[in-house]
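Here is a brief structural report on one protein chain. Please keep the model open while reading.

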Amino acid sequence: MAAPLDLETLGLVFQSRPDILAGIQKAAARTTLFNNIATFVYERMASADMHDGPAAKRRRIDIAQTQSNGHAQSRAAPTGFQAAVLSAEAAVADPVLLEIKDISVIAPQRKKYDLCFTKSFLYARASGSSVPVQGIVYPWKDIEHAFYLPVPDKSQAQYNYVLFPRDSYLPTAKQAGSNPSDKQQPLEPLVFTVPATAPKPGSIAGPSAKTAEAVSDTYSTLFHWALTTSMRSAGNHSCQLVASDPKIFQSVARQPHRPNEKAVHVKAFRGSKDAYLFFLPTGILWGFKKPLLFLPLDRIVAVSYTNVLRTTFNMVVELDTDGLGEGNTIEKEIEFGMMDQEDYQGIDQTYVRRHGLADRSMADQRKAKRELAENNKKPAAGDEDVPEEADADGLMELERAQREAEQVLQDEEDELEEDYDPGSEGDSEGSGSSSEDDG
């Protein structure tokens, strides 16, 4: 079976030539060839940017230039494609502090990539490549929600990390006649999967690899440290890594693949798509099929139920869309269907009523808390986008951790040299450790 067309990359490369795109879509037998051509062209474009300056500047049509009649027209706003290129260029210019190889990315694209951590960005790149994958470049300061969730229906325990950039997690209604290229589109959520094992030998690289090895008992401990440390170093203190908790919610349904483990999810449909609902300490997440959704508790006005039958029921979540800007297309109601009746009481009593989601009068309190938190997150005048200050030596968190680990090793070597006694003959070698081994 032929691989599907990579319409995202093809659309970016041939954005100005819809006729070429139309021809490619008709020649379905050559999908692999077209995908390879698009990937090659994009990587050459990004590589050229590193040496010759921003590609967006070379390709952009400057509609503000003076016309023959002497009148200047307004300058076009950057498109989503141009913004993505500029973000990739900035990420490439930022030195990689930590690289974790061969990670299974589920979204925005399903493929194995190397994940790269820099001072300001998290991005994916193909093995052996030096440029980020288009659409998988995330500024740390833009990550608004982060989650760590078990992957359902797997015989071996696996976990998904889900990162929602700003404006990417609420349900959006499609508007007729709208053109996605008319404005900059938000980044899609990033989802990647890790096993419940330790990282493979040689899979961690970069200047901070030695520090990372100290927290690499499992992939989870490694990524927990790397993600939280990187966000904090970039000045993003509001985003916390949230995990599912059986004390908050657990399903009564028995997991056939891991029967001894409590399920923290329920199956649910959104339209014709079936996926999983996670009832989390900070809100309700629907995944892991596109489009992923996260409904924060402070955005939920009320939860109600429809089509309550003997075996299934539907759940309707009403959202508060105030403060999202004029012209937003966020859906105010979203319905999840065909949920197992066995979980009705657990969802309603354990989660919905405990959080006051069944009582509309509580919505104002949740809204007030959200607005207070948003006000606290806003920087003072003149301090916008200022990351966490570096120490006097100019180092950020990952760099400081690396320097501290090196200093510990240096101190240990100094102590060994101080303890060395050239007159003690055989006892001088091994500095005492060999005697323990002999015993």
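The report goes from the overall fold to the cores, then to one strand, the salt bridges and one loop residue.

## Overall fold

The model is predicted. The protein chain has 439 residues, and 42% of them count as buried. Its secondary structure comes to 11 helices and 16 strands. Among contacts with a separation of 6 or more, 57% are between residues 24 or more positions apart. The accessible surface is about 24600 Å². Carbon and sulfur atoms hold 50% of that surface.

## Nonpolar cores

In soluble globular proteins, nonpolar side chains tend to be buried together. Here the largest nonpolar core has 45 residues. Those with the most contacts inside this core are Leu277, Phe279, Met315, Phe336, Met339 and Ile347. Strand S11, residues 273-280, gives the most to this core, with 6 residues.

Leucine 277 shows how the packing is built. Neighbours within four places in sequence are set aside in what follows. On one side of it in the sequence, leucine 277 is in contact with Val264, His265, Val266 and Ala268. Its contacts also include Ile284, Leu285 and Trp286. Further partners are Met315, Phe336 and Met339, and these three are also listed with leucine 277 among the residues with the most contacts inside the core.

Another core lies apart from the largest one. This core has 36 residues, including Tyr113, Tyr159, Ile204 and Ala226.

## Strand S7 and its partners

Strand S7 covers residues 190-195. Is it mostly covered or mostly exposed? Mostly covered: 5 of its 6 residues are buried.

S7 pairs with two strands described here. With S1, the pairing is antiparallel over 3 bridges. With strand S6, residues 158-165, the pairing is antiparallel over 6 bridges. Individual partners can be named for each. Serine 104 has threonine 193 of S7 as its bridge partner. Valine 162 stands opposite valine 191 in S7.

Threonine 193 deserves a second look. This residue lies in strand S7. Threonine 193 counts as buried because its relative accessibility is 13%, under the 20% cut-off. Its side chain makes a polar contact of 2.5 Å with that of asparagine 160. Beyond four places in sequence, threonine 193 touches Ile103, Ser104, Ile106, Val151, Gln158, Tyr159 and Asn160. Ser104 in that list is also its bridge partner. Tyr159, another residue it touches, belongs to the core of 36 residues.

## Salt bridges

The count comes to 9 salt bridges. Three of them are set out below.

| Pair | Closest N to O distance |
|---|---|
| Arginine 125 and glutamate 99 | 3.3 Å |
| Lysine 141 and aspartate 142 | 3.4 Å |
| Glutamate 331 and arginine 270 | 3.2 Å |

Arginine 125 and glutamate 99 meet in a salt bridge. The pair links distant parts of the chain, 26 residues apart. Arginine 125 is in strand S3, residues 121-125, and glutamate 99 is in strand S1, residues 96-107. Are these two partners buried or exposed? Arginine 125 is buried, at 14% relative accessible area. Glutamate 99 is buried too, at 11%.

Glutamate 331 and arginine 270 form a salt bridge. That pair also links distant parts of the chain, 61 residues apart. Glutamate 331 sits in the loop between strand S15 (312-319) and strand S16 (333-340). Arginine 270 is in strand S10, residues 265-270. Glutamate 331 counts as partly exposed, with 22% relative accessibility.

Lysine 141 and aspartate 142 meet in a salt bridge. Lysine 141 is partly exposed, at 44% relative accessibility, whereas aspartate 142 is buried, at 17%. Which residues do shared salt-bridge partners join into one network? They are Lys141, Asp142 and Arg166.

## Glutamine 341

Where does glutamine 341 lie? Glutamine 341 is in the loop between S16 and helix H8 (344-352). This residue is partly exposed, with a relative accessible area of 21%. Arginine 310 is 31 residues away along the chain, yet the two C-alpha atoms are separated by 6.8 Å. Arg310 is also among the residues that glutamine 341 touches. Leaving out residues up to four places away in sequence, the others are Val308, Leu309, Thr311, Thr312 and Phe313.

Conventions:
Residues are numbered from 1 along each chain as its sequence is written. This is a predicted model: local features need pLDDT of at least 70, side-chain atom pairs count only at pLDDT 80 or more; totals for chains, interfaces and linings use all residues. Side-chain values use heavy atoms; hydrogens and water are left out. A salt bridge is a side-chain nitrogen of Lys or Arg within 4 Å of a carboxyl oxygen of Asp or Glu. Helices (H or I, at least four residues) and strands (E, at least two) are DSSP runs, numbered from the N terminus. Buried means under 20% relative accessible area, exposed over 50%, partly exposed in between (1.4 Å probe, protein chains only). A nonpolar core is a set of buried Ala, Val, Leu, Ile, Met, Phe, Trp, Tyr and Cys residues joined through side-chain atoms within 4.5 Å. Contact means heavy atoms within 4.5 Å. Accessible areas come from the Shrake-Rupley method with a 1.4 Å probe; for residues, only the protein chains shown count as cover. Two strands pair if DSSP finds at least two bridges between them. A polar contact is a pair of N or O atoms within 3.5 Å; within protein, one must be able to donate a hydrogen and the other to accept it, and residues adjacent in sequence count only if both atoms are side-chain atoms.
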